[in-house]
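Visitor: I've got the sequence and the coordinates open. Could you walk me through them?

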Amino acid sequence: MTRITIAKGDGIGPEIMDATLAVLKAAGAALEYDEIEVGEKVYLSGNTSGIAASSWDIIRRNKVFLKAPITTPQGGGYKSLNVTTRKFLGLYSNVRPCLSLSPYVATKHPQMDVVIIRENEEDLYAGIEHQQTDEVIQCLKLISRPGCEKIVRYAFEYARAFGRKKVTCFTKDNIMKQTDGLFHKVFDEIAVEYPEIENEHWIIDIGAAKLADTPEAFDVIVTLNLYGDVLSDVAAQIAGSVGMAGSANIGESCAMFEAIHGSAPRRAGQDVANPSGLLQGAIMMLQHLGQNAIAEKIQNAWLKTIEDGIHTYDIFKEGVSAQKVGTQAFAEAIIARLGQKPSVLKAVEYRDGAPMNLPSYKRPAPQVKTLHGVDLFVHWAGTSADTLAESIQKLNDGGLQLSMITNRGIKVWPEGFAETFCTDHWRCRFKMKDGSELSKAHIIGLLQQAEAHGIDVVKTENLYHFDGTPAYSLGQGQ
Ligand code: NAD
């Protein structure tokens with residue numbers, strides 16, 4: 001018996017959880033439950049995190065958490081429990097299978113069987129934002145080597161464990177050469193360890209277009225947090241229904257399983273909701289726990305139920321469906337088919353295999369880091385880069401010299417274009433006149449001068465070389 005944590009959530013949550021638990025019980029899942037309260041009630045009791053401290057203890061003790069959707073109240077500083085849970089528990093991998101069930105669930109893509117593996121902790125979702133000038137706000141995109149290594153290895157291990165043939169990486173490294181570039185580089189490094197699995201990289205824009213148009217060209221997709229967030233919803237939707245997909249959030253020690261949809265408050269308490277999304281989450285959970293035979297039995301019974309045309313309202317279609325059922329009756333139909341397999345849809349076979357090889361990240365020896373310049377970001381309401389350059393050049397001292405000014409990344413000095421639109425947020429790049437390294441003391445001296453000259457520096461970024469290679473972007477047009 002494995003003891004797991006469950007939360008019935010809000011809206012349709014309790015109904016779809018009861019249906020899911022009934023199927024798990026009937027299938028003989030070796031599970032015991034600790035139930036916790038999360039979501040609306042907890043939020044409205046004044047706890048802006050939506051979860052009590054004592055519930056964290058239970059989640060951390062049991063390590064596996066099956067969670068129904070919750071309602072996040074609008075406004076009022078309530079924090080998304082999903083984001084908090086993922087980050088607190090280090091659930092770095094979000095796994096979302098998107099499978100067509102044609103002809104039983106309407107889709108333009110009858111052959112689709114794609115698994116999106118999304119990095120879950122980093123990227124713009126670090127949520128580090130600052131307004132720096134009247135006109136410009138920044139959000140930091142943080143990408144780390146351990147973050148990339150963990151998610152990319154997870155994708156290849158997943159492909160190996162589930163008999164998948166290909167892993168595709170989506171990035172935008174033609175533009176973000178450092179951040180997305182690292183993700184792509186790590187993908188290439190790790191891919192060679194899995195010669196039996198095909199690998200490929202697509203730029204996210206054309207890759208997303210191809211996915212929306214020809215999803216059968218893809219198998220497993222691994223990508224960064226923001227792209228994965230958007231694409232996994234697109235993929236679930238074009239497979240047939242967002243109401244049918246589940247997702248797994250996997251960390252080094254804990255894991256959380258859920259439906260991808262929300263709490264659908266308008267459908268609550270009417271016994272109409274489709275429990276399939278949460279059930280799919282629960283099936284992934286059983287596989288995670290090594291209860292593969294039970295997972296297989298439930299998945300095949302679920303496929304057979306769909307194939308027999310026993311459908312909830314959201315997928316019901318005259319002429320295709322045989323019977324419109326509610327939440328409970330749908331669960332009972334699955335239970336009645338436990339032990340059966342679909343005949344038109346492809347039956348699944350979940351074999352016990354070796355556990356996934358997901359080593360903890362080992363920090364490599366530090367690289368040689370040298371300082372070669374500094375970017376001063378300046379708040380200035382003028383419009384002429386030449387005028388700004390004139391006053392900024394007065395700061396040049398200690399061997400530093402202004403080498404470039406950009407505005408929103410595009411070079412505007414020297415030799416800018418009059419047509420370039422400029423905001424009040426200017427990046428002034430300084431390097432040593434003789435090309436030598438500088439020290440932090442040079443930067444402090446520069447900042448002191450800027451202060452004395454009434455230049456409003458809103459932030460600085462150091463320009464480093466790592467092992468001799470410049471590790472910062474050039475100005476666009478430079
Ligand atoms: P939603 O997913 O709850 O609903 C979108 C649409 O899909 C609605 O028409 C709904 O009736 C339908 N739907 C969703 N699940 C269904 C199911 N199982 N069976 C049948 N129909 C289903 O999205 P929303 O309306 O944008 O959000 C409602 C609430 O859910 C919000 O408070 C939101 O913050 C929350 N939410 C929670 C989670 C989560 O806990 N993981 C995820 C998304 C949204």
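Visitor: How do the residues of the shell around the ligand divide into nonpolar, polar and charged?
Guide: Keep in mind that this is a predicted model. The ligand has 18 residues around it, and N82, G262, A264, N274 and Y313 are the closest. Sorted by class, the shell comes out as seven nonpolar, seven polar and four charged.

Visitor: Which residue has a backbone N or O atom 2.7 Å from an oxygen atom of the ligand?
Guide: Let's go through some polar pairs, with a cut-off of 3.5 Å between N or O atoms. A polar backbone atom of T72 sits 3.3 Å from a ligand oxygen, and R267 offers a side-chain N or O atom at 3.4 Å from a ligand oxygen. The backbone atom at 2.7 Å belongs to A264.

Visitor: How much of the ligand's accessible area does the protein cover?
Guide: On its own, the ligand has 810 Å² of accessible area. Of that, the protein covers 65%.

Visitor: Which are the edge strands of the open sheet of ten strands?
Guide: Read the order across the sheet: 2-1-3-12-11-4-5-10-8-9, with mixed pairing. An edge strand pairs on one side only. That gives strand 2 (31-36) and strand 9 (198-203).

Visitor: And which residue stands opposite I250 in strand 12?
Guide: Strand 11 (residues 246-250) and strand 12 (residues 255-259) run antiparallel, joined by five bridges. Look across from I250 and you land on A255.

Visitor: At about what angle to strand 12 does helix 9 run?
Guide: Two helices are handy to compare here. Helix 8 (residues 225-239) lies across strands 4, 5, 8 and 10, at about 160 degrees to strand 5. Helix 9 (residues 276-288) lies across strands 1, 2, 3, 4, 11 and 12, and its angle to strand 12 is about 155 degrees.

Visitor: Now the open sheet of six strands: which residue is the bridge partner of T406 in strand 18?
Guide: The order in this sheet is 17-16-18-15-19-20, with antiparallel pairing. Strand 16 (residues 400-407) pairs with strand 18 (residues 425-432) over seven bridges. Within strand 18, the partner of T406 is R427.

Visitor: Which helix packs on that sheet, touching strand 15, strand 16, strand 17 and strand 18?
Guide: One of those strands, strand 17 (410-413), is an edge strand, as is strand 20 (469-470). The helix you want spans residues 385-393, and its direction makes about 155 degrees with that of strand 16. That's helix 12.

Key. Residues numbered from 1 in each chain as written. Predicted model: local features only at pLDDT ≥ 70, side-chain atom pairs only at ≥ 80, totals over all residues. Heavy atoms only, no water. Near = heavy atom within 4 Å. Polar contact = N/O pair within 3.5 Å; in protein donor to acceptor, adjacent residues only side chain to side chain. Areas by Shrake-Rupley, 256 points an atom, 1.4 Å probe, with all protein chains shown as cover. Nonpolar A, V, L, I, M, F, W, Y, C, P; charged D, E, K, R; others polar. Pairing = 2+ DSSP bridges. Helix = DSSP H or I, 4+ residues; strand = E, 2+ residues; numbered from the N terminus. Contact = heavy atoms within 4.5 Å. Axes fitted to C-alpha atoms, helices over the stretch in contact; angles between N-to-C directions.
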